[in-house]
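Hi,

Here is the structure I promised to pass on. Have a look at it first, and my notes on what turned up follow below.

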Amino acid sequence: MRSEGVIGALRFLLALPLVVLMARLLLSINPLVRYLSLATFSPEKIVYVLLVIAVFYLTFEGKSIGKLATLVYLSYFAYLVLTISPFVHTAFPQSQRGFVQLINQYLTMTPKEAFLSMPFLLLISIADDYLLFLQNRGTSLSSLGIPEEDVWDVVYPSLITFALAVVFSLVLFTWILDYVKSKTLYFGSLGYFLPALLLIALGTSISLGLWEKKHTEGTVVVIKTRVPLGKGSSYRLEWVGEPLLLVNPGENAEERELMIVRQVETAPKFIRLIVGEKMDVLRRVKESVDNGNLFVLYSNLPPREI
């Protein structure tokens with residue numbers, strides 16, 4: 001079975017809890033429920049069917065559901081800040097009272113339900129971004145004609161790492177949930193810091209890759225590899241459609257390090273390397289930002305030589 005199909009199925013299963021959390025949020029909005037009640041089917045069936053179709057399309061089309069999870073997270077976050085945050089109550093007592101009355105009028109969700117849903121949203125966002133990266137990697141390798149068993153050799157260890165991370169996160173969250181359930185939702189002095197802590201958690205997930213970083217002014221591709229070069233050898237980098245590095249070894253060729261730096265508009269997923277009759281792939285191994293430029297390193301060298 002192809003790796004991208006398996007990972008797509010895993011991403012869809014991972015998105016099902018997100019469907020539940022989104023449905024609970026939407027079904028707690030009284031005006032929306034009253035509007036959907038005019039249809040033939042129940043509001044619950046309409047919401048769940050539409051959400052399942054949406055996440056099915058996103059996961060199997062190789063698109064991220066991280067932004068969707070982040071949107072729900074921000075909705076819960078705004079709700080908690082306006083309803084239970086001592087900071088907002090102290091700074092804007094009149095405004096907060098009006099917001100709370102308006103929210104209670106149109107929203108049936110409880111603060112406890114919203115608070116306990118937020119760790120799941122962060123876990124889903126980060127995990128889906130990681131699986132999407134593996135899915136795209138498998139697709140890229142398969143498009144190069146690499147045997148599927150070799151693709152699995154690359155993807156399988158990462159999937160094991162992912163599974164261990166998810167299990168550890170769920171165990172930790174279960175322990176925290178048991179602790180929270182034995183207490184009330186009153187946070188005391190910690191309530192003043194709760195909005196900041198939730199924003200830090202959101203910022204951490206974003207920094208791990210929920211959204212693409214678009215603050216760089218340009219992109220620079222750096223190619224580092226070792227190829228046979230000798231008398232009369234030559235190489236050229238073609239950038240029409242798929243990036244292609246062609247190397248003519250020449251006579252009496254010896255292995256030498258080759259480094260090429262080029263300014264581009266968009267960094268590709270990989271660069272195909274052809275040396276004589278042999279073909280190899282240079283993959284993205286490192287990224288860094290310097291002086292407003294995003295530098296992307298492509299190589300086929302072992303880590304100790306990069």
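Let's start with the hairpin: β5 and β6 form one, with 2 residues between the strands. In its turn sits G276, which has a positive phi of about 65°. Keep in mind throughout that this is a predicted model, so please read everything here as computed from it.

The two strands of that hairpin, β5 (residues 270-275) and β6 (residues 278-290), run antiparallel and are joined by 6 bridges. If you want a spot to click on, L273 has D280 in β6 as its bridge partner. β5 also pairs with strand β3 (residues 244-248), this time parallel, through 4 bridges. There, L246 is matched with I274 in β5.

So is β5 enclosed or open? Of its 6 residues, 5 are buried, so the strand is largely enclosed by the rest of the structure.

Now to the helices. α1 (residues 3-27) and α3 (residues 43-60) pack with their axes 8 Å apart, at an angle of about 150°. Anything over 145 degrees counts as roughly antiparallel, and that is why α1 and α3 get that label. Their crossing is right-handed.

The same two helices also turn up when you look at aromatic rings. A pair of such rings is described by the distance of the centres and the angle of the planes. How many aromatic pairs does the count come to? Just 1. The pair is F12 with F56, and it is edge-to-face, with 5.6 Å from centre to centre and 85° between the planes. F12 belongs to α1 and F56 to α3, 44 residues apart, so the pair links distant parts of the chain.

The two partners are worth colouring by accessibility. F12 has a relative accessible area of 17%, and since the cut-off for buried is under 20%, F12 counts as buried. F56, with 44%, is partly exposed.

Last stop is helix α4, residues 66-84. Does its length fit what you'd expect, and what span would that be? At 1.5 Å a residue, its 19 residues should span 27 Å, and the end C-alpha atoms are 26 Å apart, which agrees. Its buried residues include the aromatics Y73, Y76, F77 and Y79. Also buried in α4 are G66, A69, T70, V72, L80, V81 and T83.

That's the tour. Shout if you'd like to go through any of it together.

Cheers

Technical notes
Residues numbered from 1 in each chain as written. Predicted model: local features only at pLDDT ≥ 70, side-chain atom pairs only at ≥ 80, totals over all residues. Heavy atoms only, no water. Expected span 1.5 Å × (residues − 1). Buried < 20%, exposed > 50% of the residue type's maximum accessible area, 1.4 Å probe, protein only. Phe/Tyr/Trp six-rings, centres within 6.5 Å; stacked < 30°, edge-to-face > 60°. Pairing = 2+ DSSP bridges. Axes fitted to C-alpha atoms, helices over the stretch in contact; angles between N-to-C directions. Parallel < 35°, antiparallel > 145°, perpendicular 65-115°, else oblique. Left-handed = near helix turned anticlockwise from the far one by under 90°.
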